[in-house]
Amino acid sequence: MTKQALPHYRNFHVLYAGTFIVTMGSQIYSFILPLFIYEWSQSAIAMSTMRVMDFLPNVLLGMLAGAMVDRINRRKMMKWTSMLQAALASILVLSIWLDALHLWQLYLFGFLLSTLSYTFGNAKHAIVPQLFPREMLTDIQARFSLLGTVLSIIGPSIAGFLIIWLAYEWMLFIYVISLILLWLTVFLIDPVPSPEWKTGQTLWQDMKEGIAELFGNQTLLPPTLTILFTNFATSLVIGVLVFYAVDELGSSPQEVGWMFSVSAFGGIAGAKGLKMLRKKWKRGAIFHAMLCVDALVLCLFFFAAHWWQLAILLACRTCTTVIINIIYLAIRQESTPNHLLGRVAGTSSMFMKLVLPLGLILSGLWAEHLPIPCLFLISSAIVAFLAIYLAKGSFRSAT
């Protein structure tokens, strides 16, 4: 493959355009759906149940989706999953127009759409190393991360403006259009060879092979375990942060909104700043440094007394998290044999997400009986311990 600048790769522009289109559509979908459910049911439980439906596929089907991605041509998988997403979303909108939708059907639609979206994302992650040279993978992840962060800032604002003029079903129809356009962009991606897999091997054997590869990959395993427990520390914070800001610091809902808006700019700083950091340090050293910064920032949460202080600290955390995630995704793509990448991505993602509900539940129970700021110190201690663990191995200097 001839080495050239990333912007000269047509496949990059195709993937970038598809990501832009579907991310904007997904932002509108994520903004509108909770409002639609609340207006329809007037139930907070219905809204929270829908969030569970979005979360479950990653945990329940992550390994299975990864196994399928490693069996089927990734380009074909992206075609099928995007087409099925568009079809399901079209049926959802039609059901709303015909007033024929029941709540359980909405949960089913949400679960299936989330499953297909996750599988598409897995296939996209696995196809990237087949389309681009290895030395470009970190830059690609940084560009996609920057795009996602920017759209996460402007997307809800656009959706909030559109809802003034359009009904819920028309807003969801925009989501349908974005999925159709995503499906069409996949046809513009260059063909890639199908992954190699052992004929006659069962799906369970495929999944076991993915688990064995993850735990046997000494380049990938340390950062995977690190992110797993970092996610747990993060869930302890995010589970109580809004309650803490409103109930104990006396922040208004508007100030909480500003708090999270400011924090999103940390993601832009992270995605843009990683390129400069890589000019001086190896990725493993940057990864470890961000963990150390994260531990310090979590400790400073203990001393925050105003919403704007929380906003600044959240922006710092978003910055470190984005850098850590970009490096991890690139290392996972580079160090995993491509025919196993779908399974390894599905397995690692599932493990890293499993701890989130536990942390959310524990933080809620803690907040009922004990001082919330102590949770920030506990989270800081967890991340500091992870930084010490990572410093003792070869990851810091080898990647």
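**Exercise 1. Work out how helices α3 and α6 are arranged in this predicted model.**

Step 1. Start with the geometry: α3 spans residues 74-97, α6 spans residues 168-186, and the two pack at an angle of about 160° with their axes 9 Å apart.

Step 2. Turn the angle into a direction. Angles over 145 degrees count as roughly antiparallel, so α3 is roughly antiparallel to α6.

Step 3. Add the handedness: α3 and α6 cross in a left-handed way.

**Exercise 2. Find which residues make the contact of α3 with α6, and sort them by character.**

Step 1. On the α3 side, look for residues including Met-78, Ser-82, Ala-86, Val-93 and Trp-97.

Step 2. On the α6 side, the contact residues include Trp-170, Phe-173, Val-176, Leu-179, Trp-183 and Val-186.

Step 3. Sort the contact residues, and you get 17 nonpolar, three polar and three charged.

**Exercise 3. Place Met-78 within the largest nonpolar core.**

Step 1. Take the core as a whole: it has 53 residues. The helices α1 (10-41), α2 (44-69), α3, α4 (103-131), α5 (137-162) and α6 each supply at least two of them, and α4 gives the most, with twelve.

Step 2. Pick out the residues with the most contacts inside this core: Leu-15, Met-78, Leu-106, Phe-132 and Ile-189.

Step 3. Now zoom in on Met-78. Setting aside neighbours within four places in sequence, Met-78 is in contact with Leu-15, Phe-120, Ala-123, Lys-124, Ile-127, Val-186 and Ile-189.

Step 4. Finally, look beyond this core: apart from it lies another one, of 51 residues, with Leu-274, Ala-304, Tyr-328 and Phe-395 among them.

Note on methods
Residues numbered from 1 in each chain as written. Predicted model: local features only at pLDDT ≥ 70, side-chain atom pairs only at ≥ 80, totals over all residues. Heavy atoms only, no water. Axes fitted to C-alpha atoms, helices over the stretch in contact; angles between N-to-C directions. Helix = DSSP H or I, 4+ residues; strand = E, 2+ residues; numbered from the N terminus. Parallel < 35°, antiparallel > 145°, perpendicular 65-115°, else oblique. Left-handed = near helix turned anticlockwise from the far one by under 90°. Contact = heavy atoms within 4.5 Å. Nonpolar A, V, L, I, M, F, W, Y, C, P; charged D, E, K, R; others polar. Core = buried A, V, L, I, M, F, W, Y, C linked by side-chain atoms within 4.5 Å. Buried < 20%, exposed > 50% of the residue type's maximum accessible area, 1.4 Å probe, protein only.
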